[in-house]
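Visitor: I am new to protein models. Could you show me one and take my questions?

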Amino acid sequence: MEKSRRSFLKIAGVTALGVSAKPVFNAFASSDEHGGKAEPKTSKGKNSRNAEQWGMVIDTRKIQSINDLHPIISACHKIHNVPELENPRHEILWIWATKYKNAFPGKENKFLNDRIKDLPFLVLCNHCENPPCVQACPTKATFKREDGIVLMDFHRCIGCRFCMAACPYGSRSFNFRDPRPFIDEVAPGFPTRMKGVVEKCNFCAERLAVGKEPKCVEVSNGIISFGDLGDPESTVRKLLASNYSIRRKQGLGTGPSVYYIV
Amino acid sequence: MNDKKFIIAGLIIFFAVALMPFWFNFGKAAPAPEVELSKKAKDAKYCVLPKAEMKGGHMQILDVWRDTVVRDGERVYTSSSGRVYNMSLSTGEDSCLGCHSNKAEFCDRCHNYASVEPYCWDCHIDPKEKK
């Protein structure tokens, strides 16, 4: 089939017209479809708090004994439906108390002062600047939010526990059993977990979203301060500017966001 | 080739037994369940999307929502009519269960009939089922 140059150019011209007309038709069609109604949209709540990097300062000078920490731990575990399991191998912890030598291995001097030696230290997920757990997670179930919180998407967790191996602070716990039967009173504000997922502290992301402080901060009687580490005017930055502080296993380069004034 | 009659008789018996459940239930299809709206849902008249879209696509919406809430931290949904909802399955007044407070009649009845077992409730809490 021979084609003259003339007929080829004609067809090419019509095709070009057709292709360029499509987007115009689409634009018309879409504006008709919605009749001027707004598209549904999602947004952050109007009270939601934002930061460059959320951080915490724990003033250990204000801790006298473990009795100061019990209410903090139980308040957190209560609102997040953390089960109480007897078997220490199955234990689930979001925030707990430990000794200085366990919280700060490598910083333990041969002769430690008496107060620090026996003082219970409050430990939790450090919401690292460079979190190794996030790199280890094969499903991206754990990820770092824009505001610096290292969050778990429990929907996505397959329970491989790579993150637990990667976390140098032991901040993560695994649900070896269905946790529901071990929760005394289920708090309706937060879901429970199921067997086979990892969990940890979430810096109360659900409370920050409605403009509240994390629960542990609220009940700590001033032991814990919370704020934006990226803002020089924030309470945490001011505290850190005027007091000597330490962080856990800083040498690993994870950049923990929980500071301890000793 | 002399066993033809045995084979055919055997086949007939086999199919009769294998298809027994179908003979038994033939013509006795369970009626599709009626979904009951709670009073609050009835009075509201609107859900986040038109009824047909909710009926056919609520699972996709829930799937998208859980990512939006957890990943992007966006928890407020403004519908095309300007109504504002809390993008949560069961927490608060303007969440899904806040309005559809009768999970047993609204969700479970249809899910049971269609034999779907969403694992939402393995973790999320129906405030009513709570002891």
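Visitor: At about what angle to β9(A) does helix α9 of chain A run?
Guide: This is a predicted model. Helix α9 covers residues 235–242 of chain A. The helix lies across β2, β9, β10 and β11 of chain A. Its angle to β9(A) is about 115°.

Visitor: What is the strand order of the open sheet of 4 strands in chain A?
Guide: The pairing in this sheet is mixed. Its edge strands are β9 and β10 (245–246) of chain A, and each pairs on one side only. The order is β9-β2-β11-β10.

Visitor: How many bridges join β2(A) to strand β9 of chain A?
Guide: β9(A) spans residues 224–228, and the two strands run antiparallel. Within this pairing, A:V57 stands opposite A:S225. Another partner pair is A:M56 with A:F226. The number of bridges is 5.

Visitor: Which residue of β11(A) is the bridge partner of A:M56?
Guide: Strand β11 of chain A takes in residues 258–261. β2(A) pairs with β11(A) in the parallel sense, over 4 bridges. The partner of A:M56 in β11(A) is A:V258.

Visitor: Why is strand β2 of chain A largely enclosed by the rest of the structure?
Guide: Strand β2 of chain A runs over residues 54–59, which makes 6 residues. A residue counts as buried if 20 or more other C-beta atoms lie within 10 Å of its own. The strand is largely enclosed because the number of its residues that are buried is 5 of the 6.

Visitor: What share of the residues of chain A count as buried?
Guide: Chain A has 262 residues. Its C-alpha trace spans about 100 × 45 × 40 Å along the principal axes. The buried share is 33%.

Visitor: What is the radius of gyration of chain A?
Guide: Take a compact globule of 262 residues as the yardstick. Its radius of gyration would be near 18 Å. Chain A has 27 Å.

Visitor: How many helices and how many strands does chain A have?
Guide: We have already met helix α9 of chain A, which lies across β2, β9, β10 and β11. The full count for chain A is 9 helices and 11 strands.

Visitor: Now for the other chain. How many residues of chain B are in contact with chain A?
Guide: On the side of chain A, 22 residues take part. They divide into 9 nonpolar, 6 polar and 7 charged. On the side of chain B, the number is 20.

Visitor: Which element of chain A gives the most to the side that touches chain B?
Guide: The element covers residues 41–43 and gives 3 residues. By 3 bridges it is joined to strand β1 (residues 76–78) of chain B, and the two run antiparallel. One of its residues, A:K41, has B:T78 as bridge partner. The element is strand β1 of chain A.

Visitor: What order do the strands take in the open sheet of 3 strands?
Guide: The edge strands are β1 of chain A together with β2 (84–86) of chain B. The pairing is antiparallel. From one strand to the next, the twist averages 30°. The order is β1(A)-β1(B)-β2(B).

Visitor: Which residue of β2(B) is the bridge partner of B:T78?
Guide: β1(B) and β2(B) run antiparallel and are joined by 3 bridges. B:T78 is also the partner of A:K41 in β1(B). In β2(B), its partner is B:V84.

Methods. Residues are numbered from 1 along each chain as its sequence is written. Chains are lettered from A and ligands numbered from 1 in the order in which they are written. This is a predicted model: local features need pLDDT of at least 70, side-chain atom pairs count only at pLDDT 80 or more; totals for chains, interfaces and linings use all residues. Two residues are in contact if their C-beta atoms, placed from the backbone, lie within 7 Å. Ala, Val, Leu, Ile, Met, Phe, Trp, Tyr, Cys and Pro count as nonpolar, Asp, Glu, Lys and Arg as charged, and the others, Gly among them, as polar. Two strands pair if DSSP finds at least two bridges between them. The radius of gyration is taken over C-alpha atoms; the globule rule is 2.2 Å times the number of residues to the power 0.38. A residue is buried if 20 or more other C-beta atoms lie within 10 Å of its own, exposed if 12 or fewer, and partly exposed in between; C-beta atoms are placed from the backbone. Axes are lines fitted to C-alpha atoms, for helices over the stretch in contact, and angles run from 0 to 180 degrees between N-to-C directions.
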